[in-house]
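Here is a short, friendly tour of the structure shown below. Keep the viewer open as you read, and follow along one region at a time.

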Amino acid sequence: MSLALDPQAISTAVSRLADSIFEASVDGNIDLVGIRSRGDEVAERVFCLLKEKGANVRLGVLDISLYRDDFEHLHENPKLQSSEIDFPVDKSHIILVDDVLFTGRTIRAALDALFDYGRPASVQLAVLIDRGHRELPMVPDYVGKILETNRLDHVLVRLKNTDGEDALEITSKK
Amino acid sequence: MARKDFLDIVTLDREEIIHLLDQAKPFKDLFTRSVKKVPALNGKTVLMLFYEPSTRTLSSFEVAAKRLSADVTIFDVPHSSVTKGESVRDTIDTLQAMRADYIVVRHRLSGQPAAIARQTGASVINAGDGAHAHPTQALLDAFTLREVHPDLAGKKVLIMGDILHSRVARSTSTILDKLGVEVAYCGPGSLVPHTHFKRFTSYDEAMKWGPDAVYLLRVQKERQEAPFYPSDREYHSVFGVTQERLRRISEEGIYVMHPGPINRGVELCDDVLDYERCLISQQVENGIAARMSVLYGLKPQTS
């Protein structure tokens, strides 16, 4: 097990994410939707940084448990939490936010879940970490940090509010 | 490891109950979306096996299963070959061939859903068996009460009516007991069993106990060979919520619940339905969410 990112590196990655989203924004109106769990915390931190920059940001949270494609293989179905999107999804420009982009299956599920709330005008993807090894055609629009990993590595992100500290660890399977 | 079947409340521990109740909330939240359906049980088959007539419970399960994207087949037993002499066992063999993943069973005999569960890899859900149990009703009742009293411990619930023949009374009092609620029974003496719960045979005595909610049981004329009361009017005046009693209930802010379908002018007067603390319609809506939580929480051993 190795500590790949320390708290400082994670903060830098979050700031980079917020900066690139802000720069790309045309009118300062930004709608973030974080994917549970940890994507919601990344989204919340980006949300705070964007507010400081004076952007008009709205924040929602999406639980994608019911949209997963691997129910068959789980011993127990994932624990559900509520999704909270208080603004209309119809016709809005949504930025989905997640902690780690890996196979892309979570994003597929999140897109399905999001579209059951309405028909967004556009959807973009922002991730704190892109670790590669996609199994679906998903390309992030905003990335905090790119990490080189092996397909079988286990990448574990811990975040302050969810886990008590900021850290990213990579465990290699030999 | 998740359970295969959901047969009663007695065998669930407190953590499992809390988990099922907590999980029902995100399902209820879905009902306000434009698309009320999620793909969680996509491709799964839910079979409704009702040996006893039911409209409300059957529809509630059907809506719950469909909102989880399962395919639903209703095996309409009273009109099927069961009446032609086919045994439950033979019916199960037929159903096995249909490869159902979930079987929702209602039967007039206690223990029949459990017997079916032992013969199939499908998840079996008890939708009411004899006077034994109606566990999804219990779950929706507890969920509904928790919406108005998030911490149920120490609250008092009075269950009123024919306790002896009621599977609702049995399951609902068991779940409430496990959640730390004080339960009391009230009804005609011969129909209120002696249990470890408080027992009243007079409406006024029971109300002096100070319940936070009154749970009215349906007078089930079809389940009794001889009615325990000479007339509906007499039941209403002795154990029903009359206009006058509603006034006191309302002054004291007591919640009113009923599993449905209601008999107007028997268990309650019409005005109860407009009473702001009447939870009967919430119970119906919550029934769908609670049943989604149960379906989602089980693991069929079919594949």
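## Two residues in chain A

Thr12(A) has 14 C-beta neighbours inside 10 Å, so it counts as partly exposed; a buried residue would need 20 or more, and an exposed one would have 12 or fewer. Before going further, please keep in mind that this is a predicted model. Thr12(A) belongs to helix α1 of chain A, which covers residues 7–24. If you would like a long vector to draw, try the one from Thr12(A) to Asn77(A): the two are 65 residues apart along the chain, and their C-alpha atoms are separated by 35 Å.

Where does Met138(A) sit? Look in the loop of chain A between β5 (122–130) and β6 (142–146). Met138(A) has 18 other C-beta atoms within 10 Å, so it is partly exposed. Beyond its neighbours within four places in sequence, Met138(A) is in contact with Gly104(A), Ile107(A) and Leu125(A). From Met138(A) to Thr103(A) the C-alpha to C-alpha distance is 8.5 Å, with their positions 35 residues apart in sequence.

## A helix pair in chain A

Helix α1(A) also takes part in a helix pair. Its partner is α2 of chain A (residues 39–52): the two axes come within 9 Å and cross at roughly 60 degrees. That angle is why α1(A) is described as oblique to α2(A). The crossing is right-handed.

Which residues of α1(A) and α2(A) meet? From α1(A) come Val14(A), Ser15(A), Leu17(A), Ala18(A), Ile21(A) and Phe22(A), and facing them in α2(A) are Val42(A), Arg45(A), Val46(A), Leu49(A) and Leu50(A). Sorted by class, this contact holds nine nonpolar residues, one polar and one charged.

## A helix pair in chain B

Over in chain B, helix α5 (residues 135–148) and helix α6 (residues 167–178) have axes that come within 8 Å and cross at roughly 50 degrees. The angle makes α5(B) oblique to α6(B). Here, too, is a handedness to note: α5(B) and α6(B) cross in the right-handed sense.

On the α5(B) side, the contact is made by Pro135(B), Gln137(B), Ala138(B), Leu139(B), Asp141(B) and Ala142(B). On the α6(B) side, the residues are Val168(B), Ser171(B), Thr172(B), Thr174(B), Ile175(B) and Leu176(B). The contact of α5(B) with α6(B) has seven nonpolar residues, four polar and one charged.

## A parallel sheet in chain B

In what order do the five strands of the open sheet in chain B run? The order is β7-β6-β5-β8-β9, with parallel pairing. The edges are β7 (198–200) and β9 (255–257) of chain B, each of which pairs on one side only. From one strand to the next, the twist averages 20 degrees.

Now zoom in on one pairing within the sheet. Strand β5 (residues 156–160) and strand β8 (residues 213–216), both of chain B, pair in the parallel sense over four bridges. Leu158(B) stands opposite Val214(B) in β8(B).

## Where the chains touch

How many residues does each chain bring to the contact? Chain A brings 16 residues and chain B brings 15 residues. On the side of chain B that touches chain A, α1 (14–30) and α10 (280–297) of chain B each supply at least two residues. The most comes from α1(B), with four residues. By class, this side of chain B divides into eight nonpolar, four polar and three charged residues.

Note on methods
Residues are numbered from 1 along each chain as its sequence is written. Chains are lettered from A and ligands numbered from 1 in the order in which they are written. This is a predicted model: local features need pLDDT of at least 70, side-chain atom pairs count only at pLDDT 80 or more; totals for chains, interfaces and linings use all residues. Two residues are in contact if their C-beta atoms, placed from the backbone, lie within 7 Å. Ala, Val, Leu, Ile, Met, Phe, Trp, Tyr, Cys and Pro count as nonpolar, Asp, Glu, Lys and Arg as charged, and the others, Gly among them, as polar. Two strands pair if DSSP finds at least two bridges between them. Axes are lines fitted to C-alpha atoms, for helices over the stretch in contact, and angles run from 0 to 180 degrees between N-to-C directions. Angles under 35 degrees count as roughly parallel, over 145 as roughly antiparallel, 65 to 115 as roughly perpendicular and the rest as oblique. A crossing is left-handed if the near helix is turned anticlockwise from the far one by less than a right angle, and right-handed if clockwise.
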